[in-house]
Protein chains: 2
Amino acid sequence: MAVSCQDCPLRNLPLFTPMSQSEVAFMEKFKTGELEVEPGTTLMMEGSNSPQLYTVLEGMGLRYKSMASGERQVVNMVLPGDFIGLQAGVMKEMQHSVEATSAMKLCVFDSKNFWSLFRDHPELAYDLTWISAVEEHLLGESLAVLGHMTGVQRIASSFFRLYSRGAALGLVKDAEMHLPYRQQDLADALGLSLVHTNKTLAKLRADGVASWQGGMLKIIDYERLRDIAQVDGGAGLIKRPLI
Amino acid sequence: MAVSCQDCPLRNLPLFTPMSQSEVAFMEKFKTGELEVEPGTTLMMEGSNSPQLYTVLEGMGLRYKSMASGERQVVNMVLPGDFIGLQAGVMKEMQHSVEATSAMKLCVFDSKNFWSLFRDHPELAYDLTWISAVEEHLLGESLAVLGHMTGVQRIASSFFRLYSRGAALGLVKDAEMHLPYRQQDLADALGLSLVHTNKTLAKLRADGVASWQGGMLKIIDYERLRDIAQVDGGAGLIKRPLI
DNA sequence: ATTAATCTATGACATATCCAATAGGAGAAA
DNA sequence: TTTCTCCTATTGGATATGTCATAGATTAAT
C-alpha cells in the first residue's frame with residue numbers, strides 16, 4: 001500500500017523545506033511506486049546506469065566506491081530523506097554503488113521522466129540542484145574530517161553527525177538510535193583500519209562517551225562527544241528539500 | 001574588453017559538453033561582465049552570501065573550509081571552466097571560501113537572475129545540476145584518496161588529476177604546466193603535514209617522477225606517476241557542461 | 001641597504017595508526 | 001548437534017606520518 005506524497009511522513013519534518021501543493025501533486029505523478037528491499041541489496045551499481053531513482057522512506061544504507069586496490073571507500077551513509085541516483089539521472093552512469101544495510105522502503109521514480117521534471121517544474125529542478133549542493137557541502141565536511149582529524153575525532157564526529165540527523169528524523173529514543181552498519185563500514189568511511197576502529201570504539205565505550213553495539217548507537221555523554229568531535233559552534237543541520 | 005560567450009575560448013574544448021545556440025544567447029544576457037583579480041584575492045567568503053557568481057576563464061584558485069581548530073581544509077583546486085558560487089545561488093550562504101592563487105579572469109553573473117535561469121531555461125538548469133553532480137563525484141574521489149592512500153600516492157594522484165585536467169584545458173606544454181600553489185596548499189588539500197609534503201615532493205623529484213618548483217609542475221615519468229597514483233584504468237576525464 | 005616576512009628545506013624524535021595473527025561469539029546452514 | 005561463516009575483540013611489533021626546531025632563499029617593506 002503506497003503512501004501518497006501528500007501524507008509522506010517525512011515531508012513535515014522541520015529538517016525539510018516546505019513544498020507547494022502543485023509540486024507535491026507533480027511528485028505524486030512522478031512517483032511510480034514503492035520498493036521494499038532486504039539488507040544487503042545493491043540498489044545502484046557503480047559504472048552502470050539505472051532506470052530508477054529513489055528517495056529513502058525508511059531504513060539505511062551506504063554509498064561506496066570500489067578502488068583499484070580492491071578496497072572500498074564509503075562515501076557516506078544513506079538515511080531517510082536522501083535522494084539516490086542523481087548521478088544516474090544527470091550523467092550517463094553512476095560513480096558509486098549504493099547498498100542497503102538494513103531493510104529499506106523506497107519511493108521509486110522513473111528516470112525516463114527526469115527531464116520532464118526540469119522542463120515542467122523549475123521549482124523542483126531548483127530543489128534537485130539544492131539537494132546536490134547540500135550533498136556537496138557534506139562531502140566537503142567529510143573531507144575535512146579525513147584530512148585533519150585523529151581516529152577518535154573521526155568516529156566521534158561521525159557519531160555526532162549521524163545522531164543529529166537521526167534526531168531530526170525522529171529516530172532517536174532515550175539517546176539511542178538504530179545504526180545498522182558493521183565496524184568495517186565505519187572504518188571504510190573514515191579511512192581507518194578495522195582494528196583501529198575497533199579499539200577506538202572500545203575506548204569511547206570505556207570512557208563513557210558513546211557506545212555502539214548490536215547495531216544500536218547510544219550517546220552517553222553528549223557534551224563530551226561534541227567536544228571530541230570539534231563541532232563548529234553554530235553549524236547545526238542544514239535544511240534541505242525533500243523530493 | 002569582455003569576451004562574448006559565442007567566442008568563449010573554453011567552450012569548444014572537448015572537455016565541455018556542447019551548448020545550443022539559444023542557450024549561449026541566454027548566457028550572453030545572464031553574464032553581467034568580467035572580473036580580473038590579483039593573486040590572494042578572496043572571491044567568496046564562508047558563511048556569507050554572494051551577489052555574484054562566477055565562471056573561471058583564466059587562472060587558478062582554491063576552495064577551502066576553515067576548521068574549528070584554526071586549520072584549513074582545501075576542498076579542491078579551482079581551474080578554468082569551474083563554476084563558483086553554486087551554494088550561494090541555491091542555499092543561503094557559502095559553506096566554503098574561494099581564493100585566487102594566481103591572477104584570474106572571471107565571467108560574472110548576477111545571482112539575482114539565478115532563478116530566471118531555472119524558470120526560462122530548463123536545459124541550463126539541467127546543466128547546473130550536472131555540474132554539481134560532477135563536483136560531487138570529484139569530491140568522492142578526493143575522499144577515497146584521503147581515506148586510502150599514503151603520502152606519495154596522494155601527491156601523485158593529485159598531480160595526475162591536475163595534469164590531466166590541465167592538458168584538457170590546453171595548459172600543458174612540454175609536459176609542464178603552471179601550478180600556482182604553495183606546498184602548504186597542497187598539504188591542506190591532501191591532509192598531510194607541510195613537512196611531510198615537502199619531503200615527499202623531494203622524493204618524487206629525486207626519483208625522477210615529477211618535479212614541482214617555482215610554481216611549475218613538470219611530469220618526468222608519466223607512467224610511473226600513474227602507477228603510484230593507482231589510477232583506475234578507464235576512468236579518464238568526465239565531460240561536463242560549461243556555464 | 002637593512003630588515004622583516006614568507007616560503008622551502010632538512011634533521012631528530014615521538015606516536016598514531018597500520019598490519020599480521022589469533023581467538024571468541026553469534027547466527028546460518030546442514 | 002555440528003560445522004561454517006561472518007563479525008567483533010585483543011595482542012605485539014613495524015612504520016608512515018606528525019611535531020618541534022632550525023636554517024637558507026626569495027621577495028616585500030622600511
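Reader: Which residue in strand 7 of chain B does Gly61(B) stand opposite?
Author: Gly61(B) stands opposite Ala100(B) in this predicted model. Strand 4 of chain B covers residues 61-66.

Reader: What makes strand 4 and strand 7 of chain B a pair?
Author: Two strands pair if DSSP finds at least two bridges between them. Strand 4 and strand 7 of chain B share 4 bridges, so they count as paired. The sense is antiparallel.

Reader: Why is strand 2 of chain B also said to pair with strand 7 of chain B?
Author: Strand 2 (residues 42-44) and strand 7 (residues 97-100) have 2 bridges, so they meet the cut-off of at least two. This pairing is antiparallel too. Within strand 7, Glu99(B) is the residue opposite Thr42(B).

Reader: How do you know what counts as a strand or a helix?
Author: Both are DSSP runs: H or I over at least four residues for a helix, E over at least two for a strand. Their numbers run from the N terminus. Residues are numbered from 1 along each chain as its sequence is written, while chains are lettered from A and ligands numbered from 1 in written order. As the model is predicted, local features need pLDDT of at least 70 and side-chain atom pairs 80 or more, but totals for chains, interfaces and linings use all residues.

Reader: What makes residues of chain A and chain B count as in contact?
Author: Their C-beta atoms, placed from the backbone, must lie within 7 Å. By that rule, 38 residues of chain A are in contact with 37 residues of chain B. Helix 4 of chain A gives the largest share of chain A's side, 20 residues. That side divides into 18 nonpolar, 14 polar and 6 charged residues.

Reader: Why are the 6 called charged?
Author: Because charged means Asp, Glu, Lys or Arg. Ala, Val, Leu, Ile, Met, Phe, Trp, Tyr, Cys and Pro count as nonpolar, and the others, Gly among them, as polar.

Reader: What makes a residue near a DNA strand?
Author: Its C-beta atom, placed from the backbone, lies within 6 Å of the strand. For DNA strand C, 16 residues qualify, with Thr150(A) and Gln183(B) among the closest. Helix 7 of chain B gives the most, 5 residues. The surface near DNA strand C holds 5 nonpolar, 9 polar and 2 charged residues.

Reader: How many residues surround DNA strand D, and which are the closest?
Author: 15 residues surround DNA strand D. The closest are Gln183(A), Thr150(B), Gly151(B), Ser193(B) and His196(B). Helix 7 of chain A supplies the largest share, 5 residues.

Key. Contact = placed C-beta atoms within 7 Å.
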